[in-house]
Amino acid sequence: WRRYYMRTLQVIYLEGKQRLQKAGNESPAFDAICLFEHVFHMNRQDLMLHGNTKQATLEQETEFFSLIEQRAKKRPLQYILGEWPFLDFHLKMGEGVLIAREDTTVLVETAAKLIQTKQATILDLCAGTGAVGLGIASLLSTAHVTCVEKYAPAFAYLQQNIALCKEQGIENVVALQGDILSEAFASAFQDIDTIVSNPPYIETAVLPTLQEEVQKEPTTALDGGEDGLLFYRAIADIWIPKIKTGGIVAVEIGEGQETAVARLFADAGVEQIQFEKDSGNIIRVVAGIKK
């Protein structure tokens, strides 16, 4: 029998950060404090004030280092925590759904600015967590949003997030399971005010070269086909014809795809095409008005 000597929170945090540094983590301090907050329910300021006086229980220490070990093995931080902030709300996420990233706020804000119709009908295609549709609904309280997602694991998170956001006052959002590449599925829709999408847009051949942790996200949410444009072609061919005259289409794109996507949309009858950049000065959104 050996007595367990409790260690201070500061010692525990620093050891966690060092383990991540040793594993080659790109942001060990940030990731360690996120995991620390999750286990100990204390933020960075609390740690600074009380870290040298408060001690961790064996159970807390064990849980914290278990999470640190997962992160060291490249499991995405958002999956470990089980949720992540997006705009002014939180989204549940885990294996099987694309992680909602800050870049996507550009799509949400662009679409919200362009939409003039008070009770707009909005389709969020390839919805995943629902970040785009829920984000627009949070900014436009009278809009009616349908989030379309094909894959069961992602659809389960979408349903959870719609229910969670409803509790926070984000209304008028529904989930619909379906394949946006299917013309038969699309045939049920007509006279849509706005279509938004953050579809898979990475070229198939590039997938094996992505960061190890990005490769832990579902391939179905990343793979945009041979040239990365598979879903934009479907949006142009199948979905833009469903938009009312004067309606909006807005999509997130990968770096360097703006010219090809703009051409597809223009050929489908979209005008006043505009590009919006993200915080890294990369064109991230293509949007326009249906003729």
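Q: Which two elements flank the loop where C126 has its place?
A: In this predicted model, C126 lies in the loop between β3 (121–125) and α7, where helices (H or I, at least four residues) and strands (E, at least two) are DSSP runs numbered from the N terminus. Residues are numbered from 1 along each chain as its sequence is written, and side-chain values use heavy atoms, leaving out hydrogens and water. Because the model is predicted, local features need pLDDT of at least 70 and side-chain atom pairs count only at pLDDT 80 or more, whereas totals for chains, interfaces and linings use all residues.

Q: Why does C126 count as buried?
A: Buried means under 20% relative accessible area, exposed over 50%, and partly exposed in between (1.4 Å probe, protein chains only); C126 has 18% relative accessibility, and therefore counts as buried.

Q: What is notable about the phi of C126?
A: Most residues other than glycine have a negative phi, whereas C126, which is not a glycine, has a positive phi of about 60°.

Q: Why does Q272 count as exposed?
A: Q272 is found in strand β8, and its relative accessibility is 58%, so Q272 counts as exposed. Its phi, near 50°, is also positive in a residue other than glycine.

Q: What makes G256 exposed?
A: G256 sits in the loop between β7 (243–252) and α11 (258–267), and its relative accessibility is 57%, so G256 counts as exposed.

Q: What makes β5 and β8 the edge strands?
A: The open sheet has seven strands in the order β5-β4-β3-β6-β7-β9-β8, with mixed pairing, where two strands pair if DSSP finds at least two bridges between them. β5 (173–177) and β8 (270–277) are the edge strands, each pairing on one side only. Six bridges join β8 to the antiparallel strand β9 (residues 283–290), and Q274 has A287 in β9 as its bridge partner.

Q: Why is α6 called oblique to α7?
A: Axes are lines fitted to C-alpha atoms, for helices over the stretch in contact, and angles run from 0 to 180 degrees between N-to-C directions. Helix α6 (residues 104–114) and helix α7 (residues 131–139) pack at about 45°, with their axes 9 Å apart. Angles under 35 degrees count as roughly parallel, over 145 as roughly antiparallel, 65 to 115 as roughly perpendicular and the rest as oblique, so α6 is oblique to α7.
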